[in-house]
Structure formats: structure tokens, C-alpha cells
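These are my notebook entries on empty space and helix packing. I begin with the cavities.

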Amino acid sequence: LTFPLLSVTFLVSFGSSMLYGYNLAVVNSPAVHIKAFYNATWSQRYGHGLASGPLTLLYSLTVSIFALGGLVGSLLVGVLVERYGRNGALSRSTLLVLLAGGFMGFSRELGSPEMVIVGRSITGLHSGRCSLGCICLSVVPLYLGEIAPKNLRGFLGLMPSIFICLGVFFAQVLGLPELLGEDRFWPLFLSVVVIPASLQLLLLHCFPESPRYLLIERNDVCGATKALRRFLGTPDVQDVIEEMKEEQRSLSSVEMVSVWQLLRDRSVRWQTLSVVVVNAGMQLSGIDAIWFYTNTIFENAGIPVSQIPYTTVGTGTIEVVAGLIGCFTIEKLGRRPLIITGFCAMGICSAGITVSLLLQTTLPWMHYVSVACVVGIIAGFCMGPAGVPFLMTAELFTQSHRPAAYIVGGSLNWLCNFTVGFIFPFLQMSAGAFCYLVFCGVCLLVALYVYLVVPETKNKTFMEISHIFA
């Protein structure tokens, strides 16, 4: 593991993947302050404040617009990477974060809630392009996968998911009242994303482009050789160059399948359905509701307001630990056990939240059960459903079908992310404690589907997996 390889891994994960996790959780802590700003601005403009329903609608849009930006960004990944390369795509996308940070940072000074919403959508556009968040064919995992030697590809491939968990954790820590959790600091809290983005923008040009991109897509053998020597720390890279040339020759004879062709191809019908079910279920499991509205959930569960920020930080710690456990056990336990156990745990804990909310008036200790169930949902998600769907998408399809499968899975991820983020406050108001039973049903049905249909893909070729599906 050379210093350039380790440095660029940390830099792109810190400046891109961590921002995805940060932006998932950053709207949770300052929710009350942002709503107050919206209400005060509306009153100044029109002479009256916003009613509860329109205010909730406006804030839900602020939370969920991040996912719509992500959907657009994920669909533009291919064009961006093909035109500018991996390194260049990351640098250009980082400029979006600086723009978004400016919008959100100056929104209160200019009295413009619209700037907060636009800033959130632009951060989503960046996350859709650069993070592991919802479409695995994104620049960070693509770049790291191409610069890593075979024996380190798995280790470096884990880094973006770890940094996503760290991004959520940092957002929860910075949201504490002692740091940026006060009313006067919320614009700064939202715009902190410019710091890691600026660091990435300043330093990324010091590292070479992906050797595979240079050779396979640009036919630049000399540039690829120089990049390999720097990343691998050895002058003898001829074997790797020959391997990439062989890959270039094999790809030249492969005809890529479009999304429409993938959906119509009966030979991969069950694989496609499995990608749809697992990727949609990952977002409809309720994890986005937990990330976006943790404070509201704990407040409804009866946790004292003064203790909620510290309880939230505790859940973030569990999330990081669970993510590490899942990452380092997936090759030993396999894909199926982790994803089935994860979804089952999330379903049971979602039902547990409903029971605890119904009984908390008669049994005060049920408050602690609610917290334990939230922790269980986060831990269950991070140990299995958080990363396995991306791996399964890669392992269920050949190279010709893989890009289209990623587009299908990634688009569903972002659409379901938007749906949960937008409707959860209204679902909570209308269904009360029973709203979590919706997530319970989704989790258990996905776990049942995986148990009945999806085979274990660890150490299996596509032909073996195809035979099992047939």
C-alpha cells in the first residue's frame, strides 16, 4: 500500500463520499431553526406566517430535494467520466459543492428559503455523481477500483462506505448545541461541506488519472505506465499493462445493452427483478426516515429534548461500528446471510418502535425501547442492506448488462429516497405510531424475496449464477 495510493483513497473518500453521508444527516439537527426561518421570511413577505401543513411541506421539500438532485447527477455520471476522466470528473463535480455551500451559507442573510432548497439540490447533484451513495457506477468507487492492485481492491472498495458512515456521524456531532446546533449557526452548519470539497479540489490535481482510463479509453500507454508506477510504487508494471490491453481487446467486442433492452431481456428477468426489489427495498426500509428525521422520531418517543442530540450521536457511533463489522465479515459470511439478517432486524425493530410508542404512556421505560429499536434499524442496515445491493448488481450481470443494471438500481434508489424523505412527516402525522409498520412490511417482504429467489453469489461466476436463476 503505497503513500500515493493511500493518499488519493483518503482524499476522494473524504471529499466526496463523506459529503453524501453528511448531507443525509445535516438537516436533522437544525430542523426547528430552518422551519422558524421559513416562517419568519414568509411573514415578512406576505404579512402572515405559514400554517403547519404548508410549513411541513416546504421543509419536506428541502429535505427530499437532495434525492432529486442525486437522481439527475447519477444519470450524468457516464457523460462526465467519459469526457473528463475519473480525476477530472471529481474535480469538476467538487465545484458544485462550493456553489451549493454559497447558496446555503448566505440564505439567511439574503432572506431566501429558495437558496436553501437550491443548495440542497446541488449537493444532491454532486452526490449522485461522486459518491457510493446510490449508484455504484459512480466516480469514487470507479476510480479506486481502477487504481487499486488486485490484492487491495476489496480493502479500498470499502473506504467510500466507511466514509459515508463517518459523514453521518460528523453531521450528528457538529449538530450538538455546544458546536453548530444553535439557531445562529445553522447556515454555517449546512455549508461546512465546502471545507472537504475545497481540500479535494486543491490536492486532487497532484495525483494522476486512472491508468485503466488512460489506456483503455484514451489509448495512452505512456500515461498509463507513468500512473501505474506512481500508484504501485514499482517500475515493473508491464504485466498490468498487458492485462489492461487484453481487457481493452475484450471490451471492443462487447455490445452494451440499453436499459430498455435489459428490461425486455427474458434471460436476465429474475436478475433484473432482484435488483429492483433489493434496491427499492433498501430505501423503502425506513433508513432515510431515520437519518432525515432522527430528532423528530426521538421527540415523539418521549426522549427529553435536551438529551436528543447526544442520543443521536450515540446512534451515529453504532452506525460506524456496524458498518465496519459488515464490511469485514461479508467475504466470510456471504451476501445472503447479511442482507436477509439485516432486513429482518430492521423489520422487527420497526415493529418494535410501533409497540413502544403505543405503550409509552403506561410503561415509561418504553422510551428506551424506542431508542434501542432505532439503533437496531441503523445497525441492521449498515451490516447488510447498505452495501450488499451494490455488490449484487455487479455480480448478477455480465459486463454488457452491468451499466444498464446500475442505472435501473441507482434511479430506483434516488426515487425511493425522495419518496420517503418527502412523505414521512405526513405519514407520521396521519398514521402516528403505525407508520413504522409500513417499513416493517417492506423489510420482511424483501428478506423473504431474497431467501426464496436470490442465490449466494460469493465466489460464483455469472454462468453459475445464471444457472441457479434458470
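**Entry 1: cavities.** I searched the whole structure, which is a predicted model, and found three cavities of 30 Å³ or more. For the largest cavity I recorded a volume of about 60 Å³.

I then listed the lining of the largest cavity. The residues are Ala-25, Asn-28, Ser-29, Ala-171, Gln-172, Gly-175, Asn-295, Pro-309, Thr-312 and Val-313. Two elements, α7 (153–174) and α17 (308–333), give two or more residues to this lining. I noted that α17 gives the most, with three residues.

By residue class, the lining of the largest cavity has four nonpolar and six polar residues, and no charged ones. I also checked the domains: domain 1 (1–207) and domain 2 (257–469) each supply at least three residues to the lining of the largest cavity.

**Entry 2: the second largest pocket.** Next I turned to the pockets. What is the volume of the second largest pocket? I obtained about 570 Å³.

I found 27 residues in the lining of the second largest pocket. Nearest the centre of this pocket lie Ala-31, Val-32, Asn-295, Thr-296 and Glu-299. The elements giving two or more residues to its lining are α2 (31–46), α3 (52–75), α16 (294–300), α17 and α21 (402–431). I note that Asn-295 is named in the lining of the largest cavity and also among the residues nearest the centre of this pocket.

I sorted the lining of the second largest pocket by class and recorded 13 nonpolar, eleven polar and three charged residues.

Where does the second largest pocket lie with respect to domain 1 and domain 2? Both domain 1 (1–207) and domain 2 (257–469) give residues to its lining, so I place the pocket between them.

**Entry 3: α2 and α3.** Both of these helices give residues to the lining of the second largest pocket, and I looked up how they pack. Their axes are 10 Å apart, and the packing angle is about 120°. I therefore class α2 and α3 as oblique to each other. The crossing in which α2 passes α3 is right-handed.

**Entry 4: α14 and α22.** I examined a further helix pair, α14 (residues 269–284) and α22 (residues 436–452). Their axes come within 10 Å and cross at roughly 150°. Angles over 145 degrees count as roughly antiparallel, and α14 is therefore roughly antiparallel to α22. I recorded the crossing in which α14 passes α22 as left-handed.

Key. Residues are numbered from 1 along each chain as its sequence is written. This is a predicted model: local features need pLDDT of at least 70, side-chain atom pairs count only at pLDDT 80 or more; totals for chains, interfaces and linings use all residues. Side-chain values use heavy atoms; hydrogens and water are left out. On a 1 Å grid over the protein atoms alone, a cavity is a set of points where a 1.4 Å probe fits but cannot get out, and a pocket is an open set with protein on both sides within 12 Å along at least five of seven lines; lining residues have an atom within 4 Å of a point. Grid points are joined across faces, edges and corners, and a volume is the space filled by probe spheres set on the points. Helices (H or I, at least four residues) and strands (E, at least two) are DSSP runs, numbered from the N terminus. Ala, Val, Leu, Ile, Met, Phe, Trp, Tyr, Cys and Pro count as nonpolar, Asp, Glu, Lys and Arg as charged, and the others, Gly among them, as polar. Domain bounds come from an automatic or database domain assignment. Axes are lines fitted to C-alpha atoms, for helices over the stretch in contact, and angles run from 0 to 180 degrees between N-to-C directions. Angles under 35 degrees count as roughly parallel, over 145 as roughly antiparallel, 65 to 115 as roughly perpendicular and the rest as oblique. A crossing is left-handed if the near helix is turned anticlockwise from the far one by less than a right angle, and right-handed if clockwise.
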